[in-house]
Amino acid sequence: RPSDLSEVDNLLEKYKGKEDELFSKLASNFHAINPLKIRTIEQQVDYRQALTAFFEENDHSKVDEVDAILAKTAGKEAILFSVLAEKYQATNGLDANLKARLADQACNDYLSLLQLYLAIFHPA
């Protein structure tokens with residue numbers, strides 16, 4: 001609440017070194033997401049590797065065209081993989097990336113899972 005803004009410095013001083021506890025209490029009190037629980041997904045998807053693997057499995061004749069295809073679909077790679085999965089009646093080529101990241105990261109809440117999904121299938 002705007003009326004609580006005057007308390008920010010006091011709260012930060014009181015919880016110095018215990019910011020996790022502070023944000024946990026604030027999130028609980030205000031029924032909000034704890035911003036410290038929001039993780040950024042920094043690892044980028046290697047679309048070249050994923051598309052090469054997809055074509056090696058589904059249409060070996062297209063392997064040499066991977067770079068050209070990625071250049072034409074830059075920024076729309078997730079859509080490309082969905083279209084190819086439908087065309088070849090195959091598993092989406094990004095699924096393996098999602099599974100590998102799920103194994104690597106402790107996604108133990110819905111927000112983390114959503115962030116991971118969006119980072120792979122709908123990158124900004």
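## Asn92 and its loop

Let's start between two helices of this predicted model. Asn92 sits in the loop that links helix 5 (77-88) to helix 6 (95-104). Although part of a loop, Asn92 has a relative accessibility of 14%, so it counts as buried, the cut-off being under 20%.

What does the side chain of Asn92 reach? Its partner is the backbone nitrogen of Leu94, at 2.8 Å. Leaving aside residues up to four places away in sequence, Asn92 also touches Phe81, Ser82, Ala85 and Phe121. Of these neighbours, Phe81 and Ala85 appear again among the buried residues of helix 5.

## Helix 5

Helix 5 is a good place to look next. With 12 residues at 1.5 Å a residue, helix 5 should span 16 Å, and its end C-alpha atoms are indeed 16 Å apart, so the expected and modelled spans agree. The buried residues of helix 5 are Glu77, Ala78, Leu80, Phe81, Leu84, Ala85 and Tyr88. Viewed down the helix axis, they fall within an arc of 155°, and therefore line one face of helix 5.

What does helix 5 show on its other side? There, Ile79, Glu86 and Lys87 are exposed. The buried residues, for their part, pack against helix 3, helix 4 and helix 7. Just past the end of helix 5 comes Gln89, with a positive phi of about 50°.

## Helix 3

Helix 3 covers residues 47-58, and its geometry can be checked in a similar way. Its 12 residues, at 1.5 Å each, should span 16 Å; the end C-alpha atoms lie 16 Å apart, which agrees.

Which residues of helix 3 are buried? They are Tyr47, Ala50, Leu51, Thr52, Phe54 and Phe55. The cover over these residues includes helix 4 (66-72), helix 5 and helix 7 (110-121). Helix 3 and helix 5 thus meet in both descriptions: helix 5 helps cover the buried residues of helix 3, and helix 3 is one of the elements that the buried residues of helix 5 pack against.

## The chain as a whole

Stepping back, the protein chain has seven helices and zero strands, running α-α-α-α-α-α-α from the N terminus on. Of its 124 residues, 30% are buried.

Turning to contacts between residues at least 6 apart in sequence, 51% join residues at least 24 apart. The accessible surface of the chain comes to about 9,000 Å², and carbon and sulfur atoms account for 54% of that.

How values were computed: Residues numbered from 1 in each chain as written. Predicted model: local features only at pLDDT ≥ 70, side-chain atom pairs only at ≥ 80, totals over all residues. Heavy atoms only, no water. Helix = DSSP H or I, 4+ residues; strand = E, 2+ residues; numbered from the N terminus. Buried < 20%, exposed > 50% of the residue type's maximum accessible area, 1.4 Å probe, protein only. Polar contact = N/O pair within 3.5 Å; in protein donor to acceptor, adjacent residues only side chain to side chain. Contact = heavy atoms within 4.5 Å. Expected span 1.5 Å × (residues − 1). Arc of directions from axis to C-beta. Areas by Shrake-Rupley, 256 points an atom, 1.4 Å probe, with all protein chains shown as cover.
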